[in-house]
Amino acid sequence: MPWLKGKRVFVVEDEALISVMVTDMLTDIGITVIGPAATIAAGMRMAESEDMDAAILDVNVRGERIDPVAEALIKRGIPVLFATGYGEVTLASGHVAPVIDKPYTQEKLVRGLAMALGGPQQLKRSAN
Amino acid sequence: MRAQMETGDGLPERPDAETQPMSNDVIEVPENTEPLVNQVLELTELYKLTDRLYRARSLDDALDAAMDAIVSGLRCSRASILLFDHDGVMRFIAWRGLSDGYRKVFDGHTPWQAGADEPPPIFVGDINATDEPDWVKDAIRSEGIHALAFIPLTSQGKVIGKFMAYHELPHVFTANEKALAVTIARQLGFSIERARMEEARQATVRELRDSEDRFRQMSEDAPVMIWMSDQNGACLHLNRMQREFWKVSDGDVSNFDWRTTMLPDDMPRIVETMIGALTRRESITVIGQYRNATGEFRVLQTEARPRFSCSGEFLGMIGVNIDITERLAAEKALRDSQERFRLVVEASPSGMIMADGDGQILMVNANAERLFGYTRPELIGQRIDMLVPSLKRENSSDSRMAFKAQPEPVSLGTSFLALRKDGAEVPVEIGVNPIQTSEGLRVIAAIADISERKRAEAQRELLLAELNHRVKNTLAVVQSLAYRTFRKTDTIARKAFEGRLMALATAHNLLTHSNWENASLHKVAADSLQLRDEIQSRISIAGPAILLSPRAALSITLALHELFTNALKYGALSNEAGTITFHWRNDHAGSLQLEWREAAGPEVTAPAQKGFGSQLLEQTLALDLDGAVNMHYDPEGLRCIITMPLSERGGNACLG
């Protein structure tokens, strides 16, 4: 997926080992990771200030919902990909974003990210 | 009547038979010699007649006496007596010296109509000198008769018949004879009247006695106890049933004191009531217990009335006793059963409401009051609709109609809301039971407040979601460790590990969706064997509906992952033409057989060394499923046969 190379992707993930893995998975394909943020507060701060192309957000961050961070990003027009163990994500604003189930492989992560960033065209390419 | 005869008519005292003054020698005085003698003779006959009529015991006796008096007094050889029958036809009832033929000819013949007023007698001195038709004259002459007398017999002034005197020769009826004839007729008429009245009286007496007998018999056989008392309340008469109750013989009734049979506790009340009835002479009803002949106390309901003579004198009481012991027991049993029913309903852990077919509330229990927040009086008589939220009322009415059309016990399920008095809506489970009663359809509804259960269910779901989240997170952490470990060194090992981890996560997802109760084998297979469409068409999944336990679902998911990964790398899915069938069947002997069969792939050779995959399959899976796993490395394609116990319900696998 050469078109993803060089993208700046913001990560919020409270589990340190998982955030390391995500960073590895993304860095391996040439993506620049912003963060990762491990709390909602940190997430909010970076979501409002950092320059980024997309965000991968854990849904439950130390017992708090990611919704405020997600809403802030969507407001800025930044594509969002949720990573969750819950299965479903519905935001209060009604916005729908792609979701990947934990645990996920690098392939699944990249496919999800491509879907958030692009659409079916990119998705198909990424799937191959 | 006898007194009248003796005094009213002024007839002489009845003489003794021995002192009859007339003797045979007097009767032998020749005719026509001395009119005075005749008169004495006539008087003697009259006297004899009167005496005999007086003694007469029957109409026949009277007729016989009259006949003697006629023949002797009127000195004729023949005579007859005729009376009108019920149809007003003059019939011979007594005769002397008349042939059958003569009586036949003149039967019914009369100069007077029945009931005519006191007509004069007719004396015919010589039949040849009359204007009678010839056949009459011929008939009379051929009987050897020349003179006849027709003397009417009357009763209360009306003709009831006649007597006839016949002479063989023409005869001149003297004034004395005529007077004697009329006197005899009067006596006879009077006797007949008396005999008839006596007959009627006796018939009446007989009838009365019959009717009394009938009533006595009726009272005697009546299926209730009947008694009669005197003014003081002592027994006069007890019918059979009453006598048998106390075992009193008919002769002992007057000595029997019924008061001794009363239950001592009842005595004051019953005695007071009876004394009141006797003194006030009024009807009463009283219930009490009396000891019967076997010593058992029975409950008798007494209905008594005062009885009076024709002249209004108070004679005592008459009453019936009805044994109501069984009836009272039955009533009590019914009351007890109703009470038990009420207690059961009251103690029911559900809210209970009984309504009629139109939805009107007839009864509620304490739990229903609690559940709906109304008091009992606020519910009784109201419509059941008041307990249903307004949005549901129409449905409620519809289902009531349907229920009425076909009443049978139904569980209406758990999707109902009950409307409380405070306006709150409570989730409830409702079961309804129809009861056909003599008063029509009754519906009993058991209503359970399930808000607690619903809350618990929601809580459980939340916990499961949380658990799932943690499990997935843990899997992700494990995965991240593996990722780091194998990142630069062994991509193949990493991917194999990741694949297994993902398979495990898939199974977890599936189980979370079914609340960790069970998972369909179809779903497990479909989720485990997900791939791109072009490969998907080369895989066939089929078998009966089977539910797997969480443990079996996880094991089979991992097994399928291993088989699938192997097929992609080396087996049927490693070329463009190979196919896989994953079929299972119920062998109807308690086992489920699953078969993984590959075909049209590269030629298969048994592996020289077993890897983790086949170990997982052959050992772990067999252990987890409590079954057997057999791998067959057929050259045309790999076959894996899994056999595991199948049960009706529960277990690792059951019929879905």
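In this predicted model, strand β3 of chain B and strand β4 (residues 147-155) of chain B pair in the antiparallel sense over three bridges. Two strands pair if DSSP finds at least two bridges between them; strands are DSSP runs (E) of at least two residues and helices (H or I) of at least four, numbered from the N terminus. In β4(B), L148(B) is the bridge partner of V124(B).

Both strands belong to an open sheet of chain B with the order β2-β1-β5-β4-β3 and antiparallel pairing. Its edge strands each pair on one side only:

| Edge strand | Residues |
|---|---|
| β2(B) | 90-96 |
| β3(B) | 122-124 |

Now for the helices. Helix α1 (residues 16-28) of chain A packs against helix α14 (residues 451-486) of chain B at about 50 degrees, with the axes 8 Å apart. Because of this angle, α1(A) is oblique to α14(B); oblique covers what is left after under 35 degrees (roughly parallel), over 145 (roughly antiparallel) and 65 to 115 (roughly perpendicular). Among the residues making the contact (heavy atoms within 4.5 Å) are M21(A) and Y483(B).

What about the largest nonpolar core? A nonpolar core joins buried Ala, Val, Leu, Ile, Met, Phe, Trp, Tyr and Cys residues through side-chain atoms within 4.5 Å, where buried means under 20% relative accessible area (1.4 Å probe, protein chains only). The largest has 41 residues, and L548(B) and W596(B) are among those touching the most other members. Helix α18 (residues 550-569) of chain B gives the most to this core, with nine residues.

Residues are numbered from 1 along each chain, and chains are lettered from A in the order in which they are written. Local features need pLDDT of at least 70, side-chain atom pairs count only at pLDDT 80 or more, and side-chain values use heavy atoms.

Note on methods. Buried means under 20% relative accessible area, exposed over 50%, partly exposed in between (1.4 Å probe, protein chains only). Axes are lines fitted to C-alpha atoms, for helices over the stretch in contact, and angles run from 0 to 180 degrees between N-to-C directions.
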